[in-house]
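Okay, thanks everyone, let me pull this one up. I'll go through a hairpin, then a helix, then the core.

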Amino acid sequence: MTAPINLLDLTPAEALGRLDDYMTATGEPAYRAAQVVRELWEKPAADFAEMTALPLSLRSALADRFAIPRLETIARQLSTDGTEKFLFRLPDGQEIETVAIPESGRLTLCISSQAGCALQCAFCATGRMGFQRNLAAWEIAAQVREMALLDPPTRVTNVVFMGMGEPMMNWSAVDRALTILNSPEGLGIGARHITVSTVGVLPGIIALGARPEQFRLAISIHAPSDELRRELMPVNVKYPLADVLAQAKLFDRRVTFEYVMLGGVNDAPEHASQLAALARSCRAFVNLIPLHEGGALEFTGTPPQRISSFARALREAGVEVALRKSRGRDIAAACGQLRVERLGRGVPRRPDQHSEVNVA
Ligand code: SF4
């Protein structure tokens, strides 16, 4: 017997094609195919048994031929600021994290693209785990799908690829996942509400720029000189700043620079003026990110006042800046932290055991 076809790993158009063929071959009415596709992403059903608009016999026949796998929720933590973190187990036992961040009527989901990461940025908990494997397209998109399957369902309005892994090192799956996220027959999230964040993997930036949709690009700069950046981010040896910036200039949409504030490391006034020059050269918007301590034991965050003066220096140099609020401090919401903590602790929380911990 052939293995069931995973409908979630196909784009909605491909899934429709497969199901159309199946309905024709089995003498079912053609409209049944579109009916099933609607329940993959738009109004997701947990499994074929839940597709109650279909006759029972068809549901069980579909379950023999096709699969719609789930991610298993093995831990779930709710912060006092409303940020919620999920630890999902993949079918082969790998674990990934997803963080849901509510803010002014939006819900941004920070999703993972790899289990672990090979890039070893000095301040990152995920980097310390090492690389386990790339996620399949469905495992990336299913992080959003699982939100719609919660009780009550949660509607995701924005997606950022800022969880575990470097998305551009898994471009073929990310490429397909972007189609599923954006397609009206998929999750229907507008391209301008989907941001792919990279440390500067050039082939990935080129590939994202070649897509016709207006997906957004964020580049993790984190250090405004090659010397410092090489220390913090080994990837800078392969993709030095000058090359990354040259590519950012060619990207036809506005780019965001991400800059994590590391106390005494990259937060001096000269760093602000170097960063301002880089941002101006690319007309980039700068996001300053307070460090999530706990994920990076050997670093301390820049104090809030110093972050404000760093931001002021950038603004005075003509750069648009946002200070990202640190969300979910009490639940270790930076990428990789929950998994690292859990591996250290050994005892997972049950999915129904939300933790309410006061923000320090
Ligand atoms: S910051 Fe991103 S690219 Fe760097 S090690 Fe962590 S997950 Fe990988």
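So, for the hairpin: I say two strands pair if DSSP finds at least two bridges between them. And keep in mind that this is a predicted model.

With that, look at β3, residues 72–78, and β4, residues 84–89: they pair antiparallel over 6 bridges. One of the bridge partners to click on is Phe-88 in β4, which sits across from Thr-73. The two strands make a hairpin with 5 residues between them, and in that turn Gly-82 has a positive phi of about 95°.

Now scroll along to α11, residues 304–316. Its 13 residues reach 18 Å from first C-alpha to last, close to the 18 Å expected. Which residues of α11 are buried? Ile-307, Phe-310 and Leu-314 are, and because they cover an arc of only 60° around the axis, they end up on the same side of the helix. Flip to the face turned away from that and you get exposed residues: Gln-305, Arg-312 and Glu-316. The buried ones pack against β12, α10, β13 and β14. Right after the helix comes Gly-318, again with a positive phi, near 90°.

Okay, the core. The largest nonpolar one has 102 residues, and Ala-141, Leu-181 and Val-286 touch the most other members. That core draws at least three residues from each of domain 1 (5–67) and domain 2 (72–345).

Stay on Val-286 for a second. Leaving out residues up to four places away in sequence, its contacts include Phe-257, Tyr-259, Leu-275 and Val-321. Leu-314 is on that list too, and that's one of the buried residues of α11.

Note on methods: Residues are numbered from 1 along each chain as its sequence is written. This is a predicted model: local features need pLDDT of at least 70, side-chain atom pairs count only at pLDDT 80 or more; totals for chains, interfaces and linings use all residues. Helices (H or I, at least four residues) and strands (E, at least two) are DSSP runs, numbered from the N terminus. The expected span of a helix is 1.5 Å times one less than its number of residues. A residue is buried if 20 or more other C-beta atoms lie within 10 Å of its own, exposed if 12 or fewer, and partly exposed in between; C-beta atoms are placed from the backbone. The arc is that of the directions from the helix axis to the C-beta atoms. Two residues are in contact if their C-beta atoms, placed from the backbone, lie within 7 Å. A nonpolar core is a set of buried Ala, Val, Leu, Ile, Met, Phe, Trp, Tyr and Cys residues joined through C-beta atoms within 7 Å. Domain bounds come from an automatic or database domain assignment.
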